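The exercises below ask you to read a protein model part by part, with a worked solution after each task. Keep the sequence and the structure in view while you work through the steps.

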Amino acid sequence: MPRLFIEEYTRALTGKTVCIACREGILRDNFNAVIEDLKLLNRLKIKTALYHNFRNRFANRRYFRLLADRLPETRIIRVQPEYDFYTHVLDHEENVHKLIFLERKGLIDHLGHKINSVTTQGVRQSIGTWGDLISNINFKSILEHICAKIDSGHYERVHIVPAGKDAIKYELFTIEGHGTLIANNFEEQFQPVASDGDVRIIEGILKLYKREGFLKPRTQNYLMEKRGHFYVTLIDDIVVGCVEKKIIDGRTAEIAALAISSKYRNQRLGVFTVQAFMDTLRKQGYTRFISLTNNPNLKKLYETMGFKLCERSEYLDRQIISPGVAMYFKQIP
Ligand SMILES: CC(C)(COP(=O)(O)OP(=O)(O)OC[C@H]1O[C@@H](n2cnc3c(N)ncnc32)[C@H](O)[C@@H]1OP(=O)(O)O)[C@@H](O)C(=O)NCCC(=O)NCCS
């Protein structure tokens with residue numbers, strides 16, 4: 001079960017509106033799960049709205065009653081069946097922080113991998129290759145509409161999430177998320193670790209990559225003890241990446257424990273984090289940077305940023321500690 005960071009993630013949602021849109025068949029099949037997730041958001045004082053398109057039939061009356069009874073704090077909007085559900089939702093909400101479409105399946109790329117986060121430009125570039133893999137064909141045609149609404153500022157964050165037990169909870173309160181996030185205004189910040197909550201999220205991010213074996217495991221005690229050496233990258237005030245500073249000598253710092261939450265990978269946050277780290281350390285007088293890694297993605301990242309593979313004698317002591325691991329080096333003015 002993914003680890004939940006309710007307290008940390010709620011801070012960014014308090015006072016904002018999360019709007020859930022779920023078609024009749026999907027809502028009927030996941031009724032209790034959706035109610036439980038919405039109740040959690042309401043308990044956390046996050047404003048909620050639920051769009052559905054249950055037909056106004058006698059057989060559905062029990063659903064209307066249950067929604068009203070169990071979600072008194074949620075604004076419930078029924079879309080008449082004669083309207084296109086998605087168009088109606090997209091055209092009727094204004095200034096919503098998050099709009100979550102609950103679907104049968106999530107979005108996947110041409111290799112079958114879940115698409116974690118993408119900009120509207122990314123959607124437009126890739127939609128051709130996603131092709132028929134988007135399980136719900138109607139939904140594919142609506143993606144352009146979603147992008148237009150994000151571009152025009154009506155929605156900040158649109159999520160497409162496969163419906164199921166805890167689906168919304170996992171999407172909003174875990175590091176890796178559960179579906180796809182489409183947004184443009186990712187504003188990254190870089191800063192030293194500020195709280196115990198930051199440390200807990202760093203621990204969670206590093207754990208995500210334990211299996212890949214490129215990162216040396218760091219215990220909670222280590223992280224607590226060394227928290228003053230860690231920096232974080234934030235989006236929406238939430239930690240999404242980290243890096244550890246290790247001082248090698250008077251002018252050299254090592255870039256260690258670099259990791260970006262899987263939800264935000266390939267959005268150039270790795271580059272941002274390394275650049276921000278160097279800019280910050282430059283102000284502290286460091287002009288030389290090394291990093292040791294066997295992760296092929298990180299090697300490419302360093303190469304694109306002008307780092308060079310090195311075997312410099314002054315860093316031999318450091319290299320000996322990690323035999324067989326490639327060392328990258330960059331000097332800045
Ligand atoms: C390695 C890592 C930090 C990269 O972060 P990221 O935010 O996904 O990377 P970026 O989007 O900034 O990528 C920039 C460049 O890195 C390289 N790169 C990153 N991910 C890649 C991938 N999956 N495949 C190929 N190249 C990749 C590319 O050169 C890319 O340039 P491009 O935009 O021209 O393709 C991230 O994937 C991660 O956290 N990995 C696991 C942790 C880890 O192993 N850390 C290393 C410890 S030694």
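**Exercise 1.** Find how far apart the centres of domain 1 and domain 2 lie, and describe the side of domain 1 that touches domain 2.

*Solution.* The model is a predicted one, and in it the centres of domain 1 and domain 2, taken over C-alpha atoms, are separated by 34 Å. To place the two parts along the chain, use the domain assignment, which gives residues 6-182 to domain 1 and residues 188-331 to domain 2. Next, look at where they meet: 10 residues of domain 1 are in contact with 14 residues of domain 2, where contact is understood as C-beta atoms, placed from the backbone, lying within 7 Å. On the side of domain 1 that touches domain 2, the largest share comes from helix α1 (residues 6-10), which gives 3 residues. Sorted by class, that side of domain 1 has 3 nonpolar, 3 polar and 4 charged residues.

**Exercise 2.** Work out the strand order of the open sheet that has β3 and β5 as its edge strands.

*Solution.* The sheet has 7 strands with mixed pairing, and their order is β3-β2-β1-β4-β6-β7-β5. Its edges are β3 (75-78) and β5 (117-118), each of which pairs on one side only. As a check on one pair, follow β6 (residues 155-162) and β7 (residues 180-182), which pair in the antiparallel sense over 3 bridges; Val 158 has Ile 182 in β7 as its bridge partner.

**Exercise 3.** Describe the open sheet that runs from β8 to β13, and state which strands α11 and α12 lie across.

*Solution.* This sheet, again with mixed pairing, has 7 strands in the order β8-β9-β10-β11-β12-β14-β13. The edge strands β8 (188-192) and β13 (308-309) each pair on one side only. At the β13 edge, β13 pairs with β14 (residues 326-331) in the antiparallel sense over 2 bridges, and Phe 329 in β14 is the bridge partner of Lys 308. Now add the helices: α11 lies across β8, β9, β10, β11 and β12 and runs at about 150° to β11, whereas α12 lies across β11, β12 and β14 and runs at about 160° to β12.

**Exercise 4.** Determine which element gives the most to the shell around the ligand, and which residues come nearest.

*Solution.* Begin with the elements that each supply at least two residues of the shell, namely β11 (252-260), α11 (269-283) and α12 (296-304). Of these, α12 gives the most, with 5 residues. Of the 21 residues around the ligand, those that come nearest are Gly 270, Thr 293, Asn 297, Lys 300 and Leu 301. Finally, divide the shell by class, which gives 10 nonpolar, 7 polar and 4 charged residues.

Methods
Residues numbered from 1 in each chain as written. Predicted model: local features only at pLDDT ≥ 70, side-chain atom pairs only at ≥ 80, totals over all residues. Near = placed C-beta within 6 Å. Helix = DSSP H or I, 4+ residues; strand = E, 2+ residues; numbered from the N terminus. Nonpolar A, V, L, I, M, F, W, Y, C, P; charged D, E, K, R; others polar. Pairing = 2+ DSSP bridges. Contact = placed C-beta atoms within 7 Å. Axes fitted to C-alpha atoms, helices over the stretch in contact; angles between N-to-C directions. Domains from an automatic or database assignment.
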